[in-house]
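Grab a coffee and open the structure in your viewer. Try each exercise yourself before you read the solution.

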Amino acid sequence: MTPRKRAVILTGHFPVQKRRGSILWLSDNLRASGWHVTMITVGYSWVSKVRGDKRFATLDGKPVPGIRDHDETLTSIFGYSPLHPFSLRRPLLDRLARPLHQSFPAYWRKKLKAPLAKADLVVIESGQPVMLSPLVRRFAPDAAMVYRVNDDVNVLGLPAFIGEAELKYAGLFDRISVASPHLARRFAAYPSVQMDPMGVSKSLLDQELPDPFEHRERAEREAVCAGTTQFDMDAVLSMARLRPNWNFHIFGRLRGTPSDIPGNLILHGEMPFLETAAWIKHADIGLAPYLDKPGVEYQTAHSNRMLMYRYFGLPMIGPKRICDPAVPSLVGYEPGQGASFVAALDRLDQMKRTLADPAIQDWSVLTERIASTVPAGQAHAGTGHHERARNIA
């Protein structure tokens with residue numbers, strides 16, 4: 001029997017959670033292709049535990065530190081570091097606190113050594129995990145090392161030193177994997193940048209999914225928002241008030257909710273992936289109410305929810321900043337401008353569902369591209385970057 005190749009993924013996600021981030025689809029597809037995956041969940045500290053991190057809302061219970069073998073293809077590792085990198089919302093305070101955040105890589109130093117020792121492939125997801133890059137290269141000098149840029153770290157509200165670390169350590173990677181040209185430009189100086197598309201799970205989305213509208217009175221138009229990352233509540237409230245004969249369904253956790261929510265704005269909270277997919281599959285409109293701020297443009301190519309909307313042929317609405325001529329199903333508005341909302345909704349009202357966007361790939365395409373960073377027939381794919389890691393660290 002051919003031994004399994006071994007992948008290690010460093011991420012802020014958990015291997016079993018309601019919200020299916022793209023890194024989990026990568027893990028699933030690697031395992032289905034014969035790999036063993038060790039998923040190491042980082043970016044949580046005793047601060048998270050004491051304060052009750054809102055990210056735990058996507059779990060069925062509180063996470064348990066330690067190592068867990070889920071089956072012969074999946075191992076997970078989780079731990080609370082003394083402190084994890086988060087912003088104090090003041091650049092000066094973030095700079096002053098930066099030395100304290102060194103407790104984060106210090107905590108993970110010993111815990112990373114064993115799982116990385118036999119890795120053929122290491123995938124580091126953008127965000128706090130990038131701070132561990134020098135350790136990864138040192139402990140896995142012969143592994144193919146991929147930086148999967150799933151988000152713009154400068155848009156996520158993280159301290160500036162995360163973005164600085166991203167560029168400082170970019171040269172350690174054998175592949176910098178992005179899906180958006182907006183993100184690719186950030187790494188233009190590095191020849192290892194590759195455009196690897198996001199995807200959807202076509203086998204799951206193509207199955208029969210029960211119609212959640214079947215047992216309720218259907219509104220004139222049913223609009224769904226499958227996720228609340230960088231969520232603009234004011235924009236959604238404007239749409240709901242301008243279209244009282246439509247229903248607006250929001251799936252995902254919210255930091256807080258206004259007291260004057262109209263009755264046609266329905267907050268469902270976190271929901272398992274297939275249940276959310278069923279709402280999308282039977283809806284009329286997809287909502288992409290991202291906060292209108294510089295840098296968010298990458299979401300048109302990276303947003304899981306928008307990819308599913310496009311796969312099901314839904315017309316979509318979002319801020320003009322994220323509109324792309326290559327995505328004609330997306331209608332844009334100018335946040336805060338009532339006339340712009342009215343015009344966008346009027347245009348949307350004339351649009352109907354279409355066939356699936358042929359540009360949408362299956363997750364297996366992304367998996368094949370990232371796995372190809374490990375040369376065929378070669379157990380390890382090191383390029384000697386560990387020497388540079390010693391200098392950078």
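Below are four exercises on this predicted model, each with a worked solution.

**Exercise 1. Trace the sheet and find which strands sit at its edges.**

Step 1: Start with the strand order. Eight strands make up an open sheet, and reading across gives β3-β4-β2-β1-β5-β6-β7-β8. The pairing is mixed.

Step 2: Look for strands that pair on one side only. Those are β3 (66-71) and β8 (193-195), the edge strands.

Step 3: Check how the sheet turns as you cross it. From one strand to the next, the twist averages 20°.

**Exercise 2. Work out how β3 is joined to β4, and whether β3 is well or hardly covered.**

Step 1: Recall the background. Strands in a sheet pair through backbone hydrogen bonds, in either a parallel or an antiparallel way.

Step 2: Apply that here. β3 and β4 (residues 74-78) run antiparallel, with five bridges joining them. The connection is a hairpin through two residues.

Step 3: Pick out partners across the pair. I67 has I77 in β4 as its bridge partner, and D69 stands opposite T75, also in β4.

Step 4: Now ask about burial, taking under 20% relative accessible area as buried. Of the six residues of β3, the count of buried ones is zero, and the strand is hardly covered.

Step 5: See what else β3 does. It gives the most to the lining of the second largest pocket, with four residues. That pocket has a volume of about 380 Å³. Its lining has 21 residues, and the closest to the centre are F14, V16, P63, V64 and R68. β3 and β4 are the elements that give two or more residues to this lining.

**Exercise 3. Place helix α1 against the sheet and explain why it counts as largely enclosed.**

Step 1: Locate the helix. α1 (residues 22-32) lies across β1 (6-11), β2 (36-41), β3, β4 and β5 (121-125). Its direction is at about 160° to β2.

Step 2: Count the buried residues. Eight of the eleven residues in α1 are buried, so the rest of the structure largely encloses the helix. The buried ones are S22, I23, L24, W25, L26, S27, N29 and L30.

Step 3: Zoom in on L24, which lies in α1. Its relative accessible area is 1%, so L24 is buried. Leaving out residues up to four places away in sequence, L24 touches H13, F14, P15, Q17, R19 and M39. Take F14 from that set: L24 and F14 are ten residues apart in sequence, with 8.2 Å between their C-alpha atoms.

Step 4: Look just past the helix. α1 is followed by G34, which has a positive phi, near 100°.

**Exercise 4. Find which residues have the most contacts inside the largest nonpolar core.**

Step 1: Begin with the general idea. In soluble globular proteins, nonpolar side chains tend to be buried together.

Step 2: Go to the core. The largest one has 74 residues, and L121, M239, L287 and Y309 have the most contacts inside it. Helix α9 (residues 233-242) gives the most to this core, with six residues.

Step 3: Take L121 as a sample. Setting aside residues up to four places away in sequence, it touches R6, A7, V8, W35, A143, A144, V146, I370, A371 and V374.

Step 4: Don't stop at one core. Apart from it lies another, of 38 residues, including V42, F173, I176 and V178.

Note on methods. Residues numbered from 1 in each chain as written. Predicted model: local features only at pLDDT ≥ 70, side-chain atom pairs only at ≥ 80, totals over all residues. Heavy atoms only, no water. Pairing = 2+ DSSP bridges. Axes fitted to C-alpha atoms, helices over the stretch in contact; angles between N-to-C directions. Contact = heavy atoms within 4.5 Å. Core = buried A, V, L, I, M, F, W, Y, C linked by side-chain atoms within 4.5 Å. Buried < 20%, exposed > 50% of the residue type's maximum accessible area, 1.4 Å probe, protein only. 1 Å grid on protein atoms, 1.4 Å probe; cavity = no way out; pocket = protein on both sides within 12 Å on 5 of 7 lines; lining within 4 Å. Points joined across faces, edges and corners; volume = space filled by probe spheres on them.
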